[in-house]
Amino acid sequence: MDSLPPWDVCEVLNILLCFVKNSYPVSPALLSEFENNGGYQLLLKVLLRHDGPTDGKGDTSLQETLDILTQFTVCGQTELKVSGNVAHPQLPQFSVEQSPPTGNRVRNLKAFQVLESLFRKTDNPSLGQRILLAIKSIWTWDPMNFFLLEWSLQPISQFVGLLPLKPPPIQTQFFQLVESVVLDLSYIPHDILKEIQTLVKENADPLSTSMALRCLCNISQRDVLFTDIFRDSGLLGMLLAQLRKEAKILRRKGGAQTSGGQEHTTERELVSRMLKMVTVLLVGSVRNTVVLRDYGMVPYIKIFLDDALYRTDTLRILEQLSVVNPEEYMSIVVGALCSSTQGELDLKLDLLKSLLRLLEHPRGRSAFRTSSGFNGLLSLLSDMEGSLRDPPSATWSSVSRGRAMDLLSHTLHAMAAALHSDPTNSSFFHKNSLFEKLAEDLALLGCFAGQRGRPAPVELHEARSFAEFLNAAVGSAELLPAWLKSCIWIFRFLDQMATGSLFGLGSCSRELEAEGSAPTCLQETARNHQEETDDTGQPVDEKGMAGSQWLDATE
């Protein structure tokens with residue numbers, strides 16, 4: 001037999017197994033003879049010979065053998081019973097009431113133990129995945145089968161410790177199997193989760209640890225109950241301690257991994273997974289957010305802002321911190337904005353997007369004012385001096401006009417959001433002469449006055465309303481210079497900001513270098529301004545714009 005290919009042996013064995021299985025409803029004698037004469041040991045030996053890739057014929061024979069073996073698990077005379085007592089917290093919709101036994105309920109643990117032994121011993125990705133799928137099919141036949149097997153043999157709990165030694169495809173399939181327990185059965189397998197947490201703690205293989213964290217993260221999003229479970233189990237504290245170490249390492253490197261071209265190594269991916277897991281555990285849980293502060297983690301979490309791979313989840317963690325202490329969040333974000341360098345444009349944009357989300361809430365707007373938020377944004381505008389000149393100043397020569405407009409858009413939106421429907425902030429802005437400072441900074445952007453005096457005049461041969469001027473800048477055949485388009489956008493934004501009609505303008509990140517192009521936000525502006533004109537029957541700008549004008553902010 002050893003000289004024959006394993007799939008040929010499987011074909012012969014399948015004939016015997018089919019005969020045994022089909023005869024069982026009539027008489028269990030053949031199955032008893034098969035078991036008592038080393039049938040399962042022979043089956044295990046044959047299946048373990050599949051140690052490499054197989055062709056179509058081999059796949060069919062192997063799958064048929066596993067299917068018959070899986071069906072053997074329901075062939076038995078004695079009904080299995082387990083205690084229905086559940087001591088650990090469970091999801092509200094979970095019920096362990098034992099329904100009347102069906103023909104698909106597990107009765108033959110010996111057959112299942114062959115699958116179990118096979119998984120322990122094989123390193124073949126294809127065979128390992130097929131075994132896990134076979135186990136999943138047993139659960140599908142009758143959900144009670146999961147409890148009968150796990151509360152007696154505990155196969156899944158024991159498989160966790162083997163995962164670092166298994167190929168990645170098997171690991172992926174295994175964690176999907178664990179997730180299905182929660183998603184399909186509405187059951188929280190505390191013993192399995194405890195073993196997975198131990199795997200994370202030992203971190204024998206970074207890839208296995210990363211996959212385990214992804215599994216726990218997916219499960220945690222099922223119900224807020226998991227935020228309490230993983231805090232009480234110590235997982236949250238363990239992750240915070242590990243992130244503290246990683247933050248110190250990142251700080252010693254001095255932000256050496258902030259480059260967008262950095263390779264996403266397994267270790268960095270693991271750190272990213274840790275941050276994602278902490279984020280999920282903090283969302284909706286004030287108690288967990290307090291735990292993070294009590295661990296003194298805020299200064300270390302800030303360090304991860306410097307790395308683009310970690311930034312999204314870091315900002316989400318800081319946003320959760322604002323639920324407890326919005327002033328602390330604002331101080332961190334405003335400080336990061338002011339300390340960011342000229343080249344860290346992506347960092348500035350990400351910080352501003354996060355800031356905009358927090359400014360939707362009254363507490364956020366109040367904290368923004370007390371944390372010198374207005375001065376921080378005006379400092380950003382001041383740093384943009386010459387960015388919209390044509391050509392731009394030397395410090396902005398490597399940044400496209402579209403990117404510069406995107407930064408300007410987000411900065412002005414944040415300022416407008418802080419003032420919107422907030423009398424205290426508006427009064428503060430007025431009393432401290434910040435409107436004047438805003439006008440000065442906008443005038444220095446460069447689109448209102450060129451590097452050598454004023455830009456070349458643009459000939460306009462007829463009077464126009466502002467709505468018509470917007471349309472001419474966006475969609476007509478008339479080509480307007482980029483600096484003039486920037487002026488139009490700024491004027492329109494300030495008009496909406498002053499009248500309280502500001503809406504969510506689109507991103508201005510599309511490059512404007514192609515002649516005649518316009519940012520998305522400008523197109524949206526023109527459409528809405530035209531709608532306002534049509535609704536009232538009067539142009540918004542009654543004086544219009546005629547002749548050779550420069551749109552100089554100083555006039």
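This passage walks through the overall make-up of the model, one pair of packed helices, several salt bridges and one loop residue.

The structure described here is a predicted model. Its protein chain contains 27 helices and zero strands. Of the 555 residues in the protein chain, 49% are buried. A look at the contacts gives a sense of how the chain comes together: among those between residues at least 6 apart in sequence, 77% join residues at least 24 apart.

A good place to begin a closer look is the pairing of helix H18, which spans residues 326-339, with helix H19, which spans residues 345-358. Two packed helices are described by the angle between their axes and the distance between the axes. For H18 and H19 the angle is about 150 degrees, and the axes lie 10 Å apart. H18 is therefore roughly antiparallel to H19, since angles over 145 degrees fall in that class. The crossing of H18 past H19 is left-handed. On the H18 side, the contact is formed by Tyr329, Met330, Val333, Ala336 and Leu337. H19 contributes Lys348, Leu351, Leu352, Ser354, Leu355 and Leu358. Sorted by character, the residues of this contact comprise nine nonpolar, one polar and one charged.

Charged side chains offer another way into the model, which holds 17 salt bridges. One of them joins Asp59 to Arg130, with an N to O distance of 3.3 Å. This pair ties together distant parts of the chain: Asp59 belongs to helix H4 (residues 56-72) and Arg130 to helix H6 (residues 125-141), and the two are 71 residues apart. The partners also fall into separate exposure classes. Asp59 has a relative accessibility of 26% and so counts as partly exposed, whereas Arg130, at 17%, counts as buried because the limit for that class is under 20%.

Helix H6 takes part in a further link of this kind, through Lys136. Here Lys136 forms a salt bridge with Asp184, and the closest N and O atoms are 3.9 Å apart. Asp184 sits in helix H9 (residues 168-185), and the pair, separated by 48 residues, again connects distant parts of the chain. Asp184 has a relative accessibility of 52%, so this residue counts as exposed. Lys136, with a value of 28%, is partly exposed.

The salt bridge between Asp441 and Lys437 is arranged within one helix. Both residues lie in helix H24 (residues 434-443), four residues apart, or about one turn of the helix. Their side chains meet with an N to O distance of 2.7 Å. Asp441 is buried, with a relative accessibility of 4%, while Lys437 is partly exposed at 29%. Elsewhere, salt bridges connect Asp228, Arg231 and Asp232 in a network.

The last stop is a residue outside the helices. Ser393 is placed in the loop between helix H21 (373-383) and helix H22 (401-419). Is this loop residue buried or exposed? Its relative accessible area is 11%, so Ser393 counts as buried, the class for values under 20%. Leaving aside residues up to four places away in sequence, Ser393 touches Glu385, Gly386 and Ser387.

Definitions and conventions:
Residues are numbered from 1 along each chain as its sequence is written. This is a predicted model: local features need pLDDT of at least 70, side-chain atom pairs count only at pLDDT 80 or more; totals for chains, interfaces and linings use all residues. Side-chain values use heavy atoms; hydrogens and water are left out. Buried means under 20% relative accessible area, exposed over 50%, partly exposed in between (1.4 Å probe, protein chains only). Contact means heavy atoms within 4.5 Å. A salt bridge is a side-chain nitrogen of Lys or Arg within 4 Å of a carboxyl oxygen of Asp or Glu. Axes are lines fitted to C-alpha atoms, for helices over the stretch in contact, and angles run from 0 to 180 degrees between N-to-C directions. Angles under 35 degrees count as roughly parallel, over 145 as roughly antiparallel, 65 to 115 as roughly perpendicular and the rest as oblique. A crossing is left-handed if the near helix is turned anticlockwise from the far one by less than a right angle, and right-handed if clockwise. Ala, Val, Leu, Ile, Met, Phe, Trp, Tyr, Cys and Pro count as nonpolar, Asp, Glu, Lys and Arg as charged, and the others, Gly among them, as polar.
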